[in-house]
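Trainee: Could you take me through one part of this protein slowly? I'd like a close look at a single pocket and whatever helps to place it.

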Amino acid sequence: MQDYSPAEVERKWQAIWEEAKYFAAREDPDRSKYYVLEMFPYPSGRIHMGHVRVYTIGDVIARYMWMSGYNVLHPMGWDAFGLPAENAAIEHGTHPAEWTYANIDEMRDQLKRLGYSLDWDREFATCDPEYYRWEQLFFLQLWQRGLVYRRTAPVNWCPSCRTVLANEQVEDGQCWRCDSKVQERSLKQWFIRITEYAEELLRDLDTLQQGWPERVIAMQRNWIGRSEGAEIDFPVQGSEESIRVFTTRPDTLFGATFMSLAPEYPRLEQLLPEGGDRERVLREAERMREEDPHSRESEEGEKVGVFTGAYCRNPMTGESMPIYVANFVLMEYGTGAVMAVPGHDQRDFEFARKYGLPIRCVVRPESGEDLENPEMEQAYPGPGFLVRSGRFSDMYFESAKEAITAELETMGLGRKSVQYRLRDWNISRQRYWGAPIPVVYCERCGEQPVPEEDLPVELPLDVSMQAEGGASLADSEAFVHTSCPACGGPAQRETDTMDTFVESSWYFARYTRAREHGAPFHRRALDYWLPVDQYIGGIEHAVLHLLYARFFTKALRDLGYMGIDEPFAQLLTQGMVLKDGAKMSKSKGNVVDPGDMLQRFGADTTRLFTLFASPPEKDLDWNDQGVEGAHRFLHRMWRLGGEMRNELRPVGACARMEGMELSRAARDLRRKEHSTMHRITRDIEDRFQFNTAIASVMELVNEISSRKEDLGSGEGDPAALSSAWSTALLGLYPMTPHICEELWSQMGYASHLAQAQWPEYDPEALKQDEVLIVVQVNGKLRGRISVAPDADEEQIKQAALDQENVKRHLEGKEIKKVVVVPGKLVNVVLT
């Protein structure tokens, strides 16, 4: 048998699979479906080891489900729009379209070399007008339903990327993509009203608890941030204005002694009295707005404010409350105004101490201690009974919330309210390489939707890339100038493009019939394939992509496109690939190039190591010695298959052996084979523990290697050997499909492993001929005995007492009792 050549074997089987179209999915109502999907890649130029890991995990699942009888959909495409392509094009003096499609060709070739069971007939790139035309249609339909709107708003601006970021794309005050410090600007932007679905997005997390990681669910709950409380109106003195606040603690209203406004509060200028320190207040508010939002809301940050000169009235006490602008109040929460209760909120407490404002405690702890005194060191935010609260005094705080809110409602100054941390999704991006927003602006008619029959609004390719300032749709005269669809007069197109997270919010549904031309989806295909049964991707997308995809699914359902509430039934978030304990990066010089791995070791070795080194949900620390160990194991399998080639027959995995005479060695091998299949099935299907499944196959290979010389030459023993080897190949096939297919074919099988059925282990085969039992005398090991599995207690006891070494330790001694633990041990206790 010739030496193992991974490149030759892998090319051969990839060609066979592709020609046979083994992984091309078709709807079949008579078969159960299984849709496995990894988050699609951004075409950056070359795949990295993170790609290899996530797509190898998905491939194991897909191949296993094919073999388990499911009709599997396992597609691939490209998340092709976005700022990195635009920046790379500027850097390399090319166009984003050329850069992107060249990268797609490169990455497709690399993925194919890894032998993934992907349905390439469904491939698409989101920068293709045939894809984003439907996204533009969804935009228009959501606009018609009032779920899209345009307004001037303070936005997160990345000065490096030169574009707006959604709240979810700001991490610790920095751009999620380039880590630049985010600034705040006011721009007219397009928003999707995701908040209309806040309650459903939160409620339906309960339906995902069996299939999603608890950590992801917790992150989404926190981001949506539901709060129950009350809206309260504080009349501004000397004005018809009032300040509305949202609070979860209306029970503390009698302790409110001042009002705090966010520096971004929209009616701040109207509230400021004429003359006085008006200009200074506006300057201070401007300075506060420039502070890092995360530092402003930090508990440890310095609390800074400025008195506006205006007062409002506490609706319960009637007292005047000074109005301050405070840096720790943000517009993202509530209304941008906070009734300050320094006795029961630590930030308010620190602010009041700094500026000499009154502190009043209106909740007494259940211990009965009255907290209000000049030496008070911190606020008390906990539960208790009301004090100094008029007729509500002595009421428990939870009951007081209801009672005070009800009183405010009768006064016309308050009402029950539920608010969310979630904010509407800003989808406007001030860069070129994205899907155009299908809107035109007419001086006479205002904002006008592009008619559906004129879609897609195609991204022009005549825009030049500029190193300074980037590219913009506004640079294309032919694109910008158009006619108004309402009056026919001159108009200008919207020059912002859509956030690329819009494209990734519905791509999984397009895969169900990717070549549908007259509509975004085919309803029968959607109903058959959705939801995705197993979704795989990184934890970094817990809020961004996953939340948007959940929203889009519900919105498309309400538009009549689909009949599901949630897009992904099961979610697996794989760990990162590290090297030397750190995330791989060029700057650290610890990047492992998958191309090098494929060249040196081949796809099967690369796949085997990434699966064996760590469970999928844990980080994987790359180890060169581990890769070489995986390579040696595959070479060993190849040699072992060659050594046994003349003895092997295509009897099938976990073959039935009724009526065959088996030697003890064959029975032991058969027991190991069926035990291995039982463990592999459990580890793959129930837990995705591919590393332990591989370890089980390795043990079986070791067993085959050590026992093959002990087997007889009659009918039964060669069949047991052939069955065990078939099981080893079939069990390892989802992980290392190429070498397993080759060794399988060398056994004489007419069909391929890609068509094979996953076998069931035989519980009868697991039964042992004999059970080994240890024998102790006064708790010390004195011997071992073998007994039949069904031996009763008396038989076990007698065999133990007859064991030669045990008999020597019992000579001349009196036995007090004999303790028998069936299947494990016998302990002889002496007097």
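**A close look at the second largest pocket**

Mentor: Sure, let's go straight in: the second largest pocket has a volume of about 1100 Å³. Lining it are 36 residues, and those closest to its centre are Arg 151, Ala 153, Pro 154, Met 331 and Glu 332. Keep in mind as you look around that this is a predicted model.

So, which domains does the lining draw on? At least three residues come from each of domain 2 (134–193 + 424–498) and domain 3 (226–420). Domain 2 is written in two stretches, 134–193 and 424–498, while domain 3 is given as 226–420 in the domain assignment.

Now for the pieces of secondary structure. Strands β3 (148–158), β7 (183–192) and β16 (414–420) each supply at least two residues of this lining, and so does helix α9 (278–289). Which of them gives the most? That's β3, with six residues.

What sort of residues are they? The lining splits into 14 nonpolar, nine polar and 13 charged. You can see some of that mix in the residues closest to the centre, with Arg 151 and Glu 332 among them.

It helps to set this beside the largest pocket, which has a volume of about 2100 Å³. There, 45 residues make up the lining, and Tyr 42, His 48, His 51, Glu 540 and Lys 583 are the closest to the centre. That lining divides into 22 nonpolar, 15 polar and eight charged residues. Domain 2 turns up here too: the largest pocket takes at least three lining residues from domain 1 (31–125 + 501–596) and at least three from domain 2.

As for elements, α2 (49–67), α3 (83–92), β24 (532–538) and α16 (544–558) each give the largest pocket at least two lining residues. Helix α2 has the largest share, five residues.

Follow α2 and you reach another spot worth a look. Along with α1 (6–20), α18 (603–612), α19 (624–643) and α22 (716–732), α2 is included in what covers the buried residues of α23. Helix α23 (residues 737–746) has nine of its 10 residues buried, so it is largely enclosed by the rest of the structure. Among those buried residues are His 738, Cys 740, Leu 743 and Trp 744. Just past the helix, Gly 748 has a positive phi of about 100°.

One last distance to help you find your way: the centres of domain 2 and domain 4, taken over C-alpha atoms, are 59 Å apart.

Technical notes:
Residues numbered from 1 in each chain as written. Predicted model: local features only at pLDDT ≥ 70, side-chain atom pairs only at ≥ 80, totals over all residues. Heavy atoms only, no water. Domains from an automatic or database assignment. 1 Å grid on protein atoms, 1.4 Å probe; cavity = no way out; pocket = protein on both sides within 12 Å on 5 of 7 lines; lining within 4 Å. Points joined across faces, edges and corners; volume = space filled by probe spheres on them. Helix = DSSP H or I, 4+ residues; strand = E, 2+ residues; numbered from the N terminus. Nonpolar A, V, L, I, M, F, W, Y, C, P; charged D, E, K, R; others polar. Buried < 20%, exposed > 50% of the residue type's maximum accessible area, 1.4 Å probe, protein only. Contact = heavy atoms within 4.5 Å.
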